[in-house]
Amino acid sequence: MADYPKNVIQVPTYNLFREQDAGKLPVLDVRNLGIDFGGLTAVDSFNITIGPTEIAGLIGPNGAGKTTIFNLLTGVYQPTRGSVLVNGIDIKGMPVHKVNKLGIARTFQNIRLFSEMTALDNVKVGMHNEIKCSFIASLLRLPSYYRAEAAANMKAMELLDFMGLGDVADKKAGSLPYGVQRRLEIVRALATNPSIILLDEPAAGMNPSETAELMHQIRRIRDTFHIAIFLIEHDMNLVMNVCETIAVVNYGKIICKGTPEQVRQNPAVIEAYLGKEDND
Amino acid sequence: MSFLQYLINGISIGAVYAIIALGYTMVYGIAKMLNFAHGDVIMVGAYASYCVTSYLGLPAIVSILVAVAVCTLLGIVIEGLAYKPLRGTPSLAVLITAIGVSYFLQNAAQLIFGSAPKNFKSIVSMKALTLFGGGLTITGEVLVTIVVCVAIMVGLTLFTSRTRMGKAMRAVSEDRAAAQLMGINVNQTISVTFAIGSALAAVAGVLLCSTVPTLMPTTGAMPGIRAFTAAVFGGIGSIPGAMLGGILLGIIETFSKAYISTQFSDAIVFSVLIIILLVKPAGLLGKQIQEKV
């Protein structure tokens, strides 16, 4: 605790909703979230509200607790303090798959596709809770199986096409190039019908042209599916261009929250990234 | 001609191992644990079938259905009571629990049925096929075992590749955490896996005791260990691997009994296993996982 920077500038947690989201229930409402691992406070007093069609960013130096926050938001970790509300419902104590059903999906910093399955099957695993076809009908290949399967395939293909992955639908996920795997993870997350998706470093390992394409796709996801996006990213160009609001964390605490413009000029952020100027 | 005879008998006993091995391999693939009580579920299945035919006098087919139902339920109960509370603990804890469950089942059977062997009446009433003027005899049991084994293999392959639950199982076996975050109920998936594995164990128990008609509380132990070996041999976690491993193990066992020594057959089988694992540590069809440095 003693190691926190002393002169942290507290930015009021005013609502940063886009105009179109004003007055609507936030998809994600995080209040005073905190988690301790043994004696170490990894995240503390984390507050954020994300509107139904907001693109928000989470940045901070390495080890600041960003991925830990994502794990708290998806129910992988149980918080020590505070609460997470997804579409107004507290996720406290819920098993991870139920939290997903509330409308929160994610991708991973280190890609975690089902690499032995085809790209199409990966997407269909994401649609697990949507495909309704009885066990017997699937085994005996009754007409209802073909109907459900055809509908599922169609939706999965549409999603793949949306991200430009239609051509690789039948390829094993593990055999795809890195950038394609990153995009496939986003498709798989979209397949769970989320109202918000969390992207953990979606541009990691991408070249500049792939990153530019990704920026375009992130906006297109929001505009097409009308969902919120919350992303962790180290690529400042992407964050500043895509995100409408940005939260900056350091040592597990929010040190600044605001529009890209506000964040860029915030002295606490500059200090967190570049260190403090020595005036003595 | 005797070679062919041994081969067919070997495939038949191997098919039983394969069915048991499927239970080991599926549970390992999905729950990442070795269920050493699996062999004893076979024994329970055989006793269930025995009770239905001998005490109630019902037809064989009913006894199989009862055995399957009993074992399916048993599998779900064992998983729910003994293994589920240990999820997330070191795998050693689960392994020891599994050994405990194994002893529990054996001793429970001993309490209920006594340790004297029961004479299991074969569920197959088909007459043996005699070919080549008596040179080759294929018993009804052998034929039924092989047919059932093939049917199970086809059914399981279709199940894992076509059904929603099958896909969920593959997803859980590849990456449990990611599957959970995609909305898959991992606990339910593991329960279903145990249910299927135990149902297969029931079938294996009935088939095993139809071929070797002595039934006692330790009946499942040795075939269980051989089948586990078969699963490792074929590549644990792989369904076709369990099938291949089981059948190969059966053939090797029968041949070594026929041509080398009856007493040393187990030693020979396990030596072959050791040699294969030295050459292919992941088993015949297992995937070699490259450790990242």
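**Exercise 1.** In this predicted model, determine whether A:Ala272 is buried or exposed.

*Solution.* The first step is to take the count of C-beta neighbours of A:Ala272 inside 10 Å, which is 22. The next step is to apply the cut-off: a residue is buried if 20 or more other C-beta atoms lie within 10 Å of its own. A:Ala272 therefore counts as buried. As for its place in the chain, A:Ala272 belongs to helix H10 of chain A, which covers residues 267–274.

**Exercise 2.** Identify the residues that A:Ala272 touches, leaving out those up to four places away in sequence, and examine its relation to A:Val248.

*Solution.* The residues touched by A:Ala272 are A:Gly60, A:Pro61, A:Val248, A:Asn250 and A:Ile255. For A:Val248, the separation from A:Ala272 is 24 residues in sequence, while the C-alpha to C-alpha distance is 9.2 Å. Seen from the other side, the contacts of A:Val248 beyond four places in sequence include A:Ile59, A:Gly60, A:Ile254, A:Val269 and A:Ala272. For chain A as a whole, consider contacts between residues at least 6 apart in sequence: 69% of them join residues at least 24 apart.

**Exercise 3.** Describe the largest nonpolar core and state which helix gives the most to it.

*Solution.* The largest nonpolar core contains 166 residues. Those with the most contacts inside this core are A:Val248, B:Ala18 and B:Ile19. Helix H1 of chain B (residues 2–31) gives the most to the core, namely 16 residues.

**Exercise 4.** Characterise the packing of H1(B) against H10(B).

*Solution.* Two packed helices are described by the angle between their axes and the distance between the axes. For H1(B) and helix H10 of chain B (residues 239–260), the angle is about 140 degrees and the axes are 6 Å apart. Angles over 145 degrees count as roughly antiparallel and those from 65 to 115 as roughly perpendicular; H1(B) is therefore oblique to H10(B). The crossing of H1(B) past H10(B) is right-handed. The contact of these two helices comprises 18 nonpolar, nine polar and one charged residues.

**Exercise 5.** Describe the side of chain B that touches chain A.

*Solution.* The contact joins 21 residues of chain B with 25 residues of chain A. On the side of chain B, the elements giving two or more residues are helices H5 (140–162), H6 (164–174) and H7 (176–181). H6(B) supplies the largest share, seven residues. By class, this side of chain B has eleven nonpolar, four polar and six charged residues.

How values were computed:
Residues are numbered from 1 along each chain as its sequence is written. Chains are lettered from A and ligands numbered from 1 in the order in which they are written. This is a predicted model: local features need pLDDT of at least 70, side-chain atom pairs count only at pLDDT 80 or more; totals for chains, interfaces and linings use all residues. Helices (H or I, at least four residues) and strands (E, at least two) are DSSP runs, numbered from the N terminus. A residue is buried if 20 or more other C-beta atoms lie within 10 Å of its own, exposed if 12 or fewer, and partly exposed in between; C-beta atoms are placed from the backbone. Two residues are in contact if their C-beta atoms, placed from the backbone, lie within 7 Å. A nonpolar core is a set of buried Ala, Val, Leu, Ile, Met, Phe, Trp, Tyr and Cys residues joined through C-beta atoms within 7 Å. Axes are lines fitted to C-alpha atoms, for helices over the stretch in contact, and angles run from 0 to 180 degrees between N-to-C directions. Angles under 35 degrees count as roughly parallel, over 145 as roughly antiparallel, 65 to 115 as roughly perpendicular and the rest as oblique. A crossing is left-handed if the near helix is turned anticlockwise from the far one by less than a right angle, and right-handed if clockwise. Ala, Val, Leu, Ile, Met, Phe, Trp, Tyr, Cys and Pro count as nonpolar, Asp, Glu, Lys and Arg as charged, and the others, Gly among them, as polar.
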